[in-house]
Amino acid sequence: MSVHAARNALFASLATLAERRDTTPDAAEKEEIAIAMLEVQSAIRDLALADLLASARAVADASQALEQAVRAARRKPFDVYLEKLQRHLAALDEARGAMHEVDALPPAPEDGAAPPPATRTRALRGADQPKLSTATDFAALKDEYARLFAACTVRPERQANIDYYVRELERHQDAYRAVEQQTGVPWLFTGILHGMECGFSFQRHLHNGDPLSARTVRVPAGHPRAGDPPFPWLVSAVDALQLKRLTEETDWSIPRQLFHFERFNGFGYRRRGIPSPYLWSFSTLYVKGKFVADGVFDPEAVSKQSGAGVILKAAQARGLG
């Protein structure tokens, strides 16, 4: 359904662009519209062939082209035209959030599961990786986080996905900096969390990816407590960070960020001896095993979502943060 909604929004935006192309007297704008139409047409073709993450990438590229078309509109009349494009952009943003929800990692609760045999856990983590700690306090995990971050290498077949995540962080940097101004939480941390929980959709709560049109339904339910829906993304993002007491943090070292990312999702992978896919998916540190629903773990399931630690390392390599 999410792909179907994205396709409908792309076709609608294509019609709006064509109408504007035929009526604007501005030659430069016509050229920008032609470029945007090619990008939208490419996205429509990609939706028919791609998996959900690749589809989300295609929608993001088309959205960026539409945003450029908005900036290119310099001559009136364009009020209705711009209003239509903004509606198309919102519909694409919501569709991307819905796509992400399909493959998003559910919470990983500490459920008291018995640790599996050592031979089993070796098959569920990257080659040559030592046994993981079952601790959940930062002091005990600090050195392990540093070691894993240093060893983290992107799987070659996933490099395009990681590049997409980093582009989205750069693209929405201003929104994340606005959150930093209100909370003190580094913009890059918020941006990565936004990708993990919402697929970079600004129609979704940072708490867990639920739609902003209502309070959160899944854990943590009923947020934000104050105000009435629909909630502005900024308001919800600040509430999510306050709820996890991230606004009180002063240490934003790499190990501490990794700790907070894992804590946000849950420490349930540790007792199973698996590097959390919420941190390490798409890297050589992670092989398989994930929660497929709340409290339901499948040792053979493989995460289709990049890990926060992998994105963080790639972003820092590009000079972000």
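In the predicted model, strands E1 and E2 form a hairpin in which two residues lie between the strands. Within the turn, Gly295 adopts a positive phi of about 75°. The two strands, E1 spanning residues 290-293 and E2 spanning residues 296-298, pair in the antiparallel sense over three bridges. One of the residues involved is Ala293, whose bridge partner in E2 is Val296.

Helix H3 comprises residues 52-72, 21 residues in total. From its first C-alpha to its last, H3 reaches 30 Å, close to the 30 Å expected at 1.5 Å a residue. Of the 21 residues of H3, 15 are buried, so the helix is largely enclosed by the rest of the structure. The N-terminal end of H3 is capped by Asp51, which places a side-chain oxygen 3.3 Å from the backbone nitrogen of Leu53.

Leu53 also takes part in a contact with Asn161, a residue of helix H7, which covers residues 159-171. Leaving aside residues up to four places away in sequence, Asn161 touches Leu53, Arg57 and Phe282. The relative accessible area of Asn161 is 6%; because this value is under the 20% cut-off, Asn161 is classed as buried.

A further set of contacts concerns helix H13, which consists of residues 308-317 and contains Ala314. When residues up to four places away in sequence are not counted, Ala314 touches Ile162 and Val166. Ala314 and Tyr165 are separated by 149 residues in sequence, yet their C-alpha atoms are 9.1 Å apart in space. With a relative accessibility of 14%, Ala314 counts as buried, as does Asn161 of H7 at 6%.

The cysteines were also examined for disulfides. The count of disulfides in the model comes to zero, where a disulfide would require a pair of cysteine sulfur atoms within 2.5 Å. Such a link is a covalent bond between the sulfur atoms of two cysteines. Among the cysteines, Cys152 counts as buried at 7% relative accessibility, and Cys198 likewise counts as buried, with a relative accessibility of 1%.

How values were computed. Residues are numbered from 1 along each chain as its sequence is written. This is a predicted model: local features need pLDDT of at least 70, side-chain atom pairs count only at pLDDT 80 or more; totals for chains, interfaces and linings use all residues. Side-chain values use heavy atoms; hydrogens and water are left out. Helices (H or I, at least four residues) and strands (E, at least two) are DSSP runs, numbered from the N terminus. Buried means under 20% relative accessible area, exposed over 50%, partly exposed in between (1.4 Å probe, protein chains only). Contact means heavy atoms within 4.5 Å. Two strands pair if DSSP finds at least two bridges between them. The expected span of a helix is 1.5 Å times one less than its number of residues. A polar contact is a pair of N or O atoms within 3.5 Å; within protein, one must be able to donate a hydrogen and the other to accept it, and residues adjacent in sequence count only if both atoms are side-chain atoms.
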